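Here are some short notes to read beside the model. Please keep the structure open as you go through the points.

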Amino acid sequence: MSLSNTAPRNRLLAAMREAEWEQLKPHLGRLDLPIGKILFEPGEPLDRVYFPETGVISTVARFTDGPPAEMATTGREGVLSVSSALGAAEAFCRHLVQVPGEALAMDVEAFQHAQRTLPGFADLLNAYARTFMAQVLQSVACNAVHSVEERCARWLLMCHDRSNGERFQLTQEFLAEMLGVSRASVNLVARTLQAAGLIRYSRGGINIVDREGLEDSACECYRLVRVLYDETLPLSFRDDPLVTA
């Protein structure tokens, strides 16, 4: 699909200077991100860069002696892989689509050329990389301190921010892997949140019924990271593509 008459729904791209966006736009193409699609495996070349517009891409660590666990997530606020912006040539871990959506994508050569020649774009990438690192570090602390219910509520809010509408596709199996807990634990938490009238879960999809109540159930990490992204990626000539809390 041509991007000539469409504005990006990706937060990082939407914050670009308009003149630089016009130079970057011809190198981008829109594609689907089906659930479960693996974008990169460890050791594979980072030959493409993705700017999600909807959906969630998970960065996952895999272990020989245990189940996989999520290390970070990327949605419409950023770019995958941030390692490409830092000069990495190969993927360190697995990147897969957790919540289906769409993305704008470009070859890594064109991306790196834009990084060298578009100073405003380079500044945005550097700011995003710092914020992404803060998100990862906050998640490490969150996983060590906060309850499964608090972390689950945080994760659902992050998915909601990155989706269109109140419902998004998400299986309990995936959610258990991302939280690093058993499926039985996720099932119990989902029933608790549903009984409280905060969500409705059915047929592999989740509806956010009471977002304010879900925010009250989440740990402080959700708000801390959300505010950090709002401060890092100020808006320029487009409306905020993220859900307003």
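1. Is F51 buried or exposed? F51 has a relative accessible area of 0%. The cut-off for buried is under 20%, so F51 is buried. Bear in mind that this is a predicted model.

2. F51 has an aromatic partner, F111. Their rings are 6.3 Å apart, centre to centre, and the planes stand at 55°. That makes the pair tilted. F51 belongs to strand 3 and F111 to helix 4, so the pair ties together parts that are 60 residues apart in sequence. F111 also counts as buried, at 0% relative accessibility.

3. The ring contacts go further. F51, F111 and F121 are linked by ring pairs into a cluster. Two of these residues turn up again where helices meet: F111 in helix 4 and F121 in helix 5 are among the residues in contact there.

4. Look next at those two helices. Helix 4 covers residues 108-117, and helix 5 covers residues 119-145. Their axes lie 5 Å apart and make an angle of about 105°. Angles of 65 to 115 degrees count as roughly perpendicular, and helix 4 and helix 5 are therefore roughly perpendicular to each other.

5. Which residues make the contact between helix 4 and helix 5? Helix 4 contributes F111, A114, Q115 and T117. Helix 5 contributes P119, F121, A122 and L125. By class, that is 6 nonpolar residues, 2 polar and no charged ones.

6. How many aromatic pairs does a search of the whole structure find? The count is 5. One of them joins F40 and Y50, edge-to-face, with 6.0 Å centre to centre and 70° between the planes. F40 sits in strand 2 (residues 38-40) and Y50 in strand 3 (residues 48-52), 10 residues apart. Both F40 and Y50 are buried.

7. Now turn to a sheet. It is open, with 3 strands in the order 8-10-9 and antiparallel pairing. Strand 8 (167-169) and strand 9 (199-202) are at the edges. Each has a single partner strand, so one side of each has no neighbour in the sheet. From one strand to the next, the twist averages 20°.

8. Strand 9 and strand 10 (residues 205-208) run antiparallel and are joined by 4 bridges. In one of these, I199 has I208 of strand 10 as its bridge partner. Helix 6 (residues 148-161) packs on the sheet and touches strand 8, strand 9 and strand 10. The direction of helix 6 makes about 105° with that of strand 8.

Definitions and conventions
Residues numbered from 1 in each chain as written. Predicted model: local features only at pLDDT ≥ 70, side-chain atom pairs only at ≥ 80, totals over all residues. Heavy atoms only, no water. Axes fitted to C-alpha atoms, helices over the stretch in contact; angles between N-to-C directions. Parallel < 35°, antiparallel > 145°, perpendicular 65-115°, else oblique. Contact = heavy atoms within 4.5 Å. Nonpolar A, V, L, I, M, F, W, Y, C, P; charged D, E, K, R; others polar. Pairing = 2+ DSSP bridges. Phe/Tyr/Trp six-rings, centres within 6.5 Å; stacked < 30°, edge-to-face > 60°. Buried < 20%, exposed > 50% of the residue type's maximum accessible area, 1.4 Å probe, protein only.
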